[in-house]
Structure formats: C-alpha cells, structure tokens
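Student: I have a protein open on my screen and no idea where to begin. Can we walk through it?
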Amino acid sequence: MHKDDLQRKVAQARAWVDGASRVVVLSGAGISTDSGIPDFRGPQGVWTRNPAAEKQSNINEYMASAEVRRQSWQGRLEHTAWTAKPNAGHRAIVTLEQRGLLHGLVTQNIDELHQIAGNSADKVVEVHGTVRQVVCMACGTKTPMQEVLERVRKGEADPVCLGCGGIQKSDTISFGQALVPEVIERALQLASECDLLIAVGSTLQVYPVAGAVPVAAENGAEIVIINAEPTAMDEFADLLLTGSISEILPQLV
Ligand code: NAD
C-alpha cells in the first residue's frame with residue numbers, strides 16, 4: 001500500500017475510534033508474532049513451514065496417537081509463549097480499554113498476552129481457550145500447564161491425569177473439537193452490539209469466530225481490518241489497513 005494512502009486510511013480509522021462508544025477488537029495469531037510467537041498460516045507460520053505439525057492441532061490425531069501426543073508435549077515444553085512479552089499492538093488495546101471504549105476483546109489466541117499486557121480478564125473472550133492450562137479429556141480436571149510440563153521434564157512422555165488416568169491436553173480448542181457454546185455466543189453478541197469492529201492478525205477463515213465480522217457489519221458497525229495479507233472477510237471492510245499491526249494499531253488509539 002502507498003504510504004500516503006495508508007496514512008489517510010489510518011487517520012480515518014482514528015477518527016472512527018474517537019467517535020465510537022463501543023469498540024470490539026477481534027484478534028488472531030498475527031498480533032503476537034512481534035512478541036515472538038509464530039502464527040499458523042502466515043508466510044513464517046508453523047503450518048506453512050511444517051504442514052505435518054497440523055496433526056498436533058487435530059483432536060482425532062491427538063487422541064489416537066501416543067506419538068502425536070509425545071511430540072505435542074515436547075512442543076509445549078519449548079512453547080514461545082513462556083518467554084513472550086506483549087508488544088505495542090497488545091498495549092494499544094489496553095489504551096482502548098483505559099479510554100473506556102473497549103466493549104470486548106474477542107481473541108483466537110491462546111497465549112494470554114492480552115491479559116498480561118493489562119486488559120481486564122472480563123473484557124477478554126478466549127474463543128480457543130488457553131495454553132497456560134491443561135485439561136483432562138476424560139474427567140475435565142484442569143491443572144496449571146507448568147505443573148504438567150514439570151512431569152514431562154522429569155521424563156513422562158505423555159503425562160496422564162493424576163485423578164483418573166485420562167489423556168491430557170492443553171486447554172485449547174483443537175480442530176475437530178466443538179467450541180464452548182456460551183463463549184462463542186458471547187463473542188457474537190459483543191460483535192452485534194459494537195459500533196466499530198477492529199479485526200487484527202487473523203486470516204478470518206475459521207468459523208464461527210470469523211462470522212463476528214459480518215454480524216457486526218449487519219448491525220451497522222464500521223469494520224476495520226489490519227493484517228499483513230488479504231483475509232477471507234476483506235469484502236466487509238470499510239477500511240483495509242495492510243501492514244504491521246504493532247506499527248498501525250497504536251496510531252489508531
Ligand atoms: P492465522 O495464522 O490463520 O493468520 C495470522 C494472520 O496474521 C496471517 O494472515 C498473517 O499474514 C498475519 N500477520 C502475522 N503477523 C503479522 C503482523 N505482525 N502484522 C500484521 N499481520 C500479521 O491466525 P488465526 O486466524 O488467528 O488462526 C490461527 C489459530 O491458531 C488461532 O485460532 C489460534 O487459536 C491458534 N494460534 C494461536 C497463537 C497465539 O495464541 N499467539 C499462535 C498460533 C496459532
């Protein structure tokens with residue numbers, strides 16, 4: 001995008017933020033890449049570089065294969081989330097909340113960087129769960145991730161639930177797994193109530209979360225999409241800001 005053109009669009013988006021009373025931000029993996037956590041489908045994405053890694057995100061493969069689980073636990077040991085710090089993009093959304101404009105923050109991210117940056121937990125709707133917790137797939141018991149990773153470090157390849165012996169996994173929604181109905185309902189409700197929706201860092205191709213964009217548009221909200229590459233929802237955008245989230249988003253707030 002031509003620099004002047006981008007600056008003109010940024011100024012327009014800033015005016016919409018200033019005039020808004022209920023802003024909803026929809027965030028995806030792209031907001032956390034500048035914190036060192038790779039996305040899945042971007043040019044440097046985990047799946048783009050290693051298509052086999054997609055198996056670890058599929059619930060059927062995970063439940064059926066001890067080897068997929070072993071690899072998943074090894075991956076969790078080295079997860080970039082443990083050392084990542086929020087970046088200017090996350091901080092910009094904290095500013096929105098401090099200004100009293102943030103109606104809700106719907107995130108597909110599992111890294112909790114929004115809360116670590118300073119957004120209140122009750123504003124954040126985690127539609128895909130969190131990697132900082134483990135859940136037992138049999139009895140539902142939840143355990144802090146670091147406790148279970150300690151067992152992996154001590155040599156357990158596939159640590160089972162200490163209560164019932166069930167298979168455990170990070171408390172995230174894998175492909176093939178149902179979303180939590182109340183959580184996705186709340187996300188779509190927030191989208192229907194906002195007057196400005198800002199979608200950042202998502203290819204917007206995973207439903208029903210991506211559906212928040214048309215829901216907001218149908219209810220009269222302005223739609224701003226900030227992403228490095230085209231998304232599946234670009235046709236709904238009133239403004240498409242192509243570029244770096246950590247550079248563009250702070251200019252809007
Ligand atoms: P995605 O991987 O499908 O898409 C990310 C998009 O962000 C891409 O279009 C990419 O070009 C863009 N992008 C990356 N870095 C950017 C930057 N600095 N500035 C501007 N744009 C940038 O992400 P998704 O749609 O969120 O889907 C991936 C799913 O995987 C999510 O639903 C989430 O559950 C999970 N995931 C989460 C994390 C995390 O928590 N940080 C990381 C990877 C995957």
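Tutor: Start with a term: helices and strands here are DSSP runs, numbered from the N terminus, with at least four residues for a helix and at least two for a strand. Pro208, for instance, is in the loop between strand 7 (196-200) and helix 9 (212-218). Keep in mind that this is a predicted model.

Student: What's odd about the peptide bond from Tyr207 to Pro208?
Tutor: That bond is cis, and its omega is near 0°.

Student: Where does Leu204 sit?
Tutor: Leu204 is also in the loop between strand 7 and helix 9. Its phi is positive, about 50°, although Leu204 is not a glycine.

Student: And is Leu204 buried or exposed?
Tutor: Leu204 is buried, because its relative accessible area is 2% and the cut-off for buried is under 20%.

Student: Which other residue has a positive phi although it is not a glycine?
Tutor: Glu112, with a phi of about 60°. Glu112 lies in the loop between strand 2 (102-107) and helix 6 (113-117). At 23% relative accessibility, Glu112 counts as partly exposed.

Student: Zooming out, how many helices and strands are there in the protein?
Tutor: Ten helices and nine strands.

Student: What radius of gyration does it have, and what would a compact globule have?
Tutor: The protein has 19 Å, and a compact globule with 253 residues would be near 18 Å, so the two agree. Along the principal axes, the C-alpha atoms fill a box of roughly 55 × 35 × 30 Å.

Student: How much of it counts as buried?
Tutor: 46% of the 253 residues. The protein exposes about 11,600 Å², and carbon and sulfur atoms supply 50% of that area.

Student: New topic. How many disulfides?
Tutor: Zero.

Student: Why is there no bond between Cys161 and Cys139?
Tutor: Their sulfurs are 3.8 Å apart, which is too far for a bond, because a disulfide needs the sulfur atoms within 2.5 Å. Cys139 holds the closest cysteine sulfur to that of Cys161. Cys161 itself is buried, at 5% relative accessible area. Cys194 is buried too, at 4%.

Student: Last one. Where is Phe40?
Tutor: Phe40 is in the loop between strand 1 (23-27) and helix 2 (46-49). With 34% relative accessibility, Phe40 counts as partly exposed.

Student: What does Phe40 touch?
Tutor: Leaving out residues up to four places away in sequence, Phe40 touches Gly45, Val46, Trp47, Thr48 and Ser57. As for Val206, it is 166 residues from Phe40 in sequence and 12 Å away in space, C-alpha to C-alpha.

Definitions and conventions
Residues numbered from 1 in each chain as written. Predicted model: local features only at pLDDT ≥ 70, side-chain atom pairs only at ≥ 80, totals over all residues. Heavy atoms only, no water. Rg over C-alpha atoms; globule rule 2.2 N^0.38 Å. Buried < 20%, exposed > 50% of the residue type's maximum accessible area, 1.4 Å probe, protein only. Areas by Shrake-Rupley, 256 points an atom, 1.4 Å probe, with all protein chains shown as cover. Contact = heavy atoms within 4.5 Å.
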